[in-house]
Each structure stands twice: as structure tokens, then as C-alpha cells.
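Let's take a walk through this structure, one piece at a time. Keep the 3D view open and turn it as you read.

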Amino acid sequence: MQDNILSATGVSKTYSSGFHALKGIDLTIRRGEIFALLGPNGAGKTTLISIVCGIVNPSAGRIAVDGHDIVRDYRAARSMIGLVPQELTTDAFESVWSTVSFSRGLFGKPPNPAYIEKVLKALSLWDKKDSRVMALSGGMKRRLMIAKALSHEPQVLFLDEPTAGVDVTLRRDMWQLVRELRATGVTIILTTHYIDEAEEMADRIGVIDKGELVLVEEKTELMRKLGRKQLTLQLATRLQAVPPALLAYDLALSADGNELTYTYETQGGRAGIAALLKDLSDIGIAFKDLHTTQSSLEDIFVGLLEDNP
């Protein structure tokens, strides 16, 4: 059994218009992880997913799913993938049970009512099994799309903007569901505009911009390496300017002269703070209060895109 369930090597896509949607993407996805692919509109997220799922042909490069080449061994590769697209497209007149069972049959899987029942129950759709799709709420239709994607027992599940346009409560439910799916051994790859979604759920994060993979990193490592903290000191007396003795700390003085802000990397920050507080004391600057803030994944994401003009 391979540790990497999906690998993309040198994957590019150029459309007939000349638009370079993807430029030499190299990416490996580990078995059983939740991988979040972040990027602005038009960055190439959906194009990459569409190529992996066989909906769009790459212009160059190779993709394998659990060792199966998606071009040479299409049926085997595709049978391992479930896709939940952004758009809700279901047969409105079918019942929930019928449409999920039909999706299973499309992949040549034999009927398995017990498995379909298990999926519908896991997605809180069991009591709707005989309802027509058109009678479902938007949230239930979203769950149904996931049920259809899971109907053939895939090992890799793509969620393309899974919580776009759904309320906060349903988003939380979806997050919980994704964790439960991962616990059963399914590898989850999600694209999202919601930074908090990636921060909440992902094991690793990839950032794609203008068709290029800007970064792939463990979430915790990304936060540690790129996350910054700020220490803000509320001064006892107003300062006109940062004293020369403190210039090495690159402090920011507020416009009213009542606050000093020290920005530092998360590693080694404690030593810097201790030195700063000692130097403040040595030159007789007192403060009334202090607090720290840490940059979020959103701050990091925005910074990365700004560094990739």
C-alpha cells in the first residue's frame, strides 16, 4: 500500500484561447489526509480537480491515483474518486434512494442496499430516502451530492467549495462530516474560499495562484513559519518618537504616541520580548498594559498572494 494515494507530475493546461490555466503542477496527496487547496477565483483549483477526475484533459503531465494512471487506466483510477462539484446538479424527479443507487451503478458496482443505507444515515438523509430531490432544502441537496459521490465507495473524495452559499450551522455540520469520513480512511481534498475552513480542518494546505502551486505545507508548520505575533504595549506616558536605544527592535509607535508595537516571528519570540522589556526598563519607559495577537491563516494567505505578483 502506497503512502501517497495521488500524485501529479508536471501537470499543465493551456486552453485553445491561449490561457494557461495550470503551469507545471507537482503535487502528492497522502493517504487518509485532509488537504485544502486555497486560491483566488481563476487560480486553477477547479481545473486541477477536473483533470484528476477525467473531466478535462491535461496539456502535459501525468496523474496517478493509487498507482493507476488517469489516462492509461482511466476506469480504475476514476472508480477510486468521488467528486462533489460546486454546482448542485441532481435529477429533481428521482427519489433520494434512486439517485444515489443509480450513481453507484454508473461505476459498475453491484447493488449494495446496506451500504447505501449506511451512507444516507451518515449524512442525515435516511428519513428523506423516498423524497424527491426537488423537495429537498439546499442543505439537504448538498448532502445528497456527497452521498452520490460516496455511492461507489471511493478512496479519494474531492469537495469543490463544499460550503459555498450554506449557513454557518450547516458549515459546522459539514466539517464534522468530513472528519468522520476521514476517520473511515477516505482521503479528502477540498477547495475553499473560506480560510477558516482550511484552518479548522486541513492537515496540509496548498496555495495555488495564477495556475502555479505557490506553496504546500503542513498547516501547523505553515502557521509556525509564516505566522507572526505582535506585542502591543500601552505606555504610561506619551512618547514623541521611538528612543534610539530601541531602534533595533523595529518598533511601531502609534500616531498618538501612547502605544508601542513589536512584531516578531513565532520562533525565538520570547527571548526578544524579554530583551525588549529589559531595555524599556533600563531607559525608564513604563507601560500600563500589554497584549499579544497572532496572525491568522488568512493573514498568511493574503501575504503569500502579495508576494506572488
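**Pockets, a sheet and a cavity**

Let's begin with a hollow on the outside: helix 5 provides the largest share of the lining of the second largest pocket, 3 residues. Before going further, keep in mind that you're looking at a predicted model. Helix 5 isn't working alone here, since helix 3 (96-106) also supplies at least two residues of that lining. The space in the second largest pocket comes to about 270 Å³. Of the 11 residues lining it, Arg78, Leu83, Ser103, Lys148 and Ala149 are the closest to its centre. Sort the lining of this second largest pocket by class and you get 6 nonpolar, 3 polar and 2 charged residues.

Now for the largest pocket, which has a volume of about 320 Å³. It is lined by 15 residues, and those closest to its centre are Tyr115, Lys118, Leu181, Thr184 and Val186. Which helix gives the most to the lining of the largest pocket? That's helix 4, with 4 residues. Helix 6 (168-183) pitches in as well, with at least two residues of the lining. Here the classes come out as 9 nonpolar, 3 polar and 3 charged residues.

Helix 4 covers residues 113-122, and if you follow the chain from there toward helix 5 (138-150), you pass through a loop that holds Ser124. Have a look at its backbone: Ser124 has a positive phi of about 55 degrees, even though it isn't a glycine. Most residues other than glycine have a negative phi. Is Ser124 buried, partly exposed or exposed? Its relative accessibility is 41%, so Ser124 counts as partly exposed.

There's another residue of this kind further along. Asp250, again not a glycine, has a positive phi of about 55 degrees. You'll find Asp250 in the loop between strand 11 (228-235) and strand 12 (252-253). With a relative accessibility of 66%, Asp250 counts as exposed.

Next, swing back toward the start of the chain and pick out a sheet. Four strands make it up, in the order 2-1-4-5, and it's an open sheet with antiparallel pairing. Strand 2 (20-30) and strand 5 (68-69) sit at the edges with a single partner strand each, so one side of each has no neighbour in the sheet. Further in, strand 1 (residues 4-14) and strand 4 (residues 60-65) run antiparallel and are joined by 5 bridges. To see one of the pairings for yourself, find Leu6, whose bridge partner in strand 4 is Val65.

What packs on this sheet? It's helix 1 (residues 45-52), which touches strand 1, strand 2 and strand 4. Compare directions and you'll see that helix 1 makes an angle of about 65 degrees with strand 2. How many of the 8 residues of helix 1 are buried? The count is 7, so helix 1 is largely enclosed by the rest of the structure. Those buried residues are Lys45, Thr47, Leu48, Ile49, Ser50, Ile51 and Val52. Just after helix 1 comes Gly54, with a positive phi of about 80 degrees.

Helix 1 also leads us to a space inside. The structure holds 1 cavity of 30 Å³ or more, and the largest cavity has a volume of about 90 Å³. The largest share of its lining comes from helix 1, with 4 residues. Strand 1, strand 2 and strand 3 (34-38) each supply at least two residues too. Leu6, which you met in the sheet, is one of the residues lining this cavity, and others include Phe35, Leu48, Phe158 and Ile189. By class, the lining of the largest cavity has 11 nonpolar, no polar and 1 charged residues.

For a last stop, find Leu215 in strand 10 (residues 212-218). Leu215 has a relative accessible area of 16%, so it is buried. How many residues apart along the chain are Leu215 and Leu38? They are 177 residues apart, while their C-alpha atoms are separated by 9.9 Å.

Technical notes
Residues numbered from 1 in each chain as written. Predicted model: local features only at pLDDT ≥ 70, side-chain atom pairs only at ≥ 80, totals over all residues. Heavy atoms only, no water. Buried < 20%, exposed > 50% of the residue type's maximum accessible area, 1.4 Å probe, protein only. 1 Å grid on protein atoms, 1.4 Å probe; cavity = no way out; pocket = protein on both sides within 12 Å on 5 of 7 lines; lining within 4 Å. Points joined across faces, edges and corners; volume = space filled by probe spheres on them. Nonpolar A, V, L, I, M, F, W, Y, C, P; charged D, E, K, R; others polar. Pairing = 2+ DSSP bridges. Contact = heavy atoms within 4.5 Å. Axes fitted to C-alpha atoms, helices over the stretch in contact; angles between N-to-C directions.
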